[in-house]
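This report walks through selected features of one structure, moving from strand pairing to helix packing and then to individual residues. Please keep the sequence and the coordinates at hand while reading.

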Amino acid sequence: MQGPSARIVFFAILVRVSLHNVCVSLFPIEVCVLGSGSSGNSYVMAGASGVILVDAGFSARETITRAEFAGVSLSTVGAILITHGHSDHSRGAAVLARRFHIPIWATAATLTRIPGLNGAEELRTLSIHKANDVAGFSVRAMTSPHDAPGAVILKVDMRVGVATDLGYVSASVRRFLTGLEGLLLEFNHDITMLRNGPYPPWLQERIQSRQGHLSNVQAATLLCAPDFVPPRRVLWLCHLSEKNNDPKLALRTAMAALGDNKPIVVVARQDVPGYRVVIG
Ligand SMILES: [Zn+2]
Ligand SMILES: [Zn+2]
């Protein structure tokens with residue numbers, strides 16, 4: 001099978017099989033972006049031993065709707081993993097945790113900043129010093145310079161990286177994210193659109209700072225860095241600003257940075273969930 005449409009059909013077949021829990025053992029991680037952008041971020045990852053929700057930046061009701069749309073039952077989720085306390089990553093966590101009896105995993109600092117907690121939730125501390133067993137996934141966390149105490153980027157089963165709200169890319173970030181199968185990477189803004197856009201100067205400064213968000217160019221510079229191997233299978237462009245970015249521009253910038261052996265590149269959308277993609 002060749003060509004983009006055949007590839008989509010191929011993934012669709014895999015997804016359909018995996019709905020009945022047949023192929024997860026053959027294909028270690030299935031990823032679905034429920035939505036990503038400045039208004040909310042959430043991803044589902046399913047593996048042989050469990051299902052996790054990474055970030056819960058939509059309301060609980062919206063998360064349930066999006067998961068149903070994507071064919072995911074939240075009753076199968078074994079952990080809610082939160083990268084940091086900003087509401088576009090944590091808004092729905094407390095209600096989902098109580099309703100579905102799912103533990104919330106986050107760093108100690110982030111656990112104190114998740115909105116709506118009332119003591120009824122099961123909270124588990126994510127370590128940045130060792131691998132964490134999160135609902136059967138091996139999760140490594142690395143501190144992010146973002147302006148939220150305890151913020152982290154993640155690596156799941158040494159195959160899929162989650163790196164949004166990053167501020168800037170250091171050599172240690174490149175080492176952490178290099179050579180994965182899949183990578184959800186922040187392409188937050190185009191610098192010209194940001195400077196000419198509606199945000200006040202102080203907010204523009206915050207976004208551009210080393211505690212803010214990655215621009216298209218910063219993310220693309222990571223992809224073509226000499227000491228970095230881009231993801232082999234799938235690259236998701238995530239956390240695009242609706243006001244300060246253009247999906248076509250972000251995609252063009254990413255494609256120009258990638259070499260000849262390009263992974264599948266997907267622009268994650270804010271408004272609707274994406275395809276479920278199996279990475280193995
Ligand atoms: Zn943030
Ligand atoms: Zn964010």
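## Strand E10 and its neighbours

In this predicted model, alanine 163 has leucine 185 of strand E11 standing opposite it. The strands concerned are E10, residues 160-163, and E11, residues 182-186, which run parallel and are joined by four bridges. Valine 160 likewise has a residue of E11 opposite it, namely glycine 182. The connection between these strands passes through helix H6, and E10, H6 and E11 together make a right-handed β-α-β unit.

Strand E9, residues 152-156, pairs with E10 in the antiparallel sense over three bridges, and leucine 154 has valine 162 as its bridge partner in E10. Both directions out of E10 lead to buried positions: Val160 and Val162 point one way, Gly161 and Ala163 point the other way, and all of them are buried.

## The sheet as a whole

These strands belong to an open sheet of seven strands with mixed pairing, in the order E7-E8-E9-E10-E11-E12-E13. Its edges are strand E7 (132-134) and strand E13 (264-267), each of which pairs on one side only. From one strand to the next, the twist averages 25°.

## The loop between E9 and E10

The hairpin of E9 and E10 has three residues between the strands, and aspartate 157 takes a positive phi near 55° there. Methionine 158, found in the loop between E9 and E10, also has a positive phi, of about 60°, although it is not a glycine. As background, most residues other than glycine have a negative phi.

Is each of these loop residues buried or exposed, or does it fall in between? Aspartate 157 has 20 C-beta neighbours inside 10 Å and therefore counts as buried, given that the cut-off is 20 or more. Methionine 158, with 13 such neighbours inside 10 Å, counts as partly exposed, because the exposed class ends at 12.

## Helices against the sheet

Helix H10 (residues 247-257) lies across strand E12 (234-238) and E13, and runs at about 155° to E13.

Helix H9, residues 216-223, has Asn216, Ala219, Ala220, Leu222 and Leu223 as its buried residues. Seen down the axis of H9, these buried residues fall within an arc of 150°, so they line one face of the helix. The general background is that an α-helix has 3.6 residues a turn, so residues three or four places apart point the same way. The cover over the buried residues of H9 includes helix H6 (171-177), E11 and H10.

## The largest nonpolar core

The largest nonpolar core has 72 residues, and of these Ile52 and Ile80 touch the most other members. Leaving aside residues up to four places away in sequence, isoleucine 80 touches Leu53, Ala56, Ala93, Leu96, Ala97, Ile102, Ile104 and Trp105. In soluble globular proteins, nonpolar side chains tend to be buried together.

## Threonine 110

Threonine 110 is placed in helix H5, residues 108-111. With 26 other C-beta atoms within 10 Å, threonine 110 is buried, the cut-off being 20 or more. Apart from residues up to four places away in sequence, threonine 110 touches Ile82, His84, Gly85 and Gly150. Threonine 110 and leucine 126 are 16 residues apart in sequence, and the C-alpha to C-alpha separation in space is 9.4 Å.

Terms used
Residues numbered from 1 in each chain as written. Chains lettered and ligands numbered in written order. Predicted model: local features only at pLDDT ≥ 70, side-chain atom pairs only at ≥ 80, totals over all residues. Pairing = 2+ DSSP bridges. Helix = DSSP H or I, 4+ residues; strand = E, 2+ residues; numbered from the N terminus. Axes fitted to C-alpha atoms, helices over the stretch in contact; angles between N-to-C directions. Contact = placed C-beta atoms within 7 Å. Arc of directions from axis to C-beta. Core = buried A, V, L, I, M, F, W, Y, C linked by C-beta atoms within 7 Å. Right-handed = clockwise from strand over helix to strand, strands pointing away.
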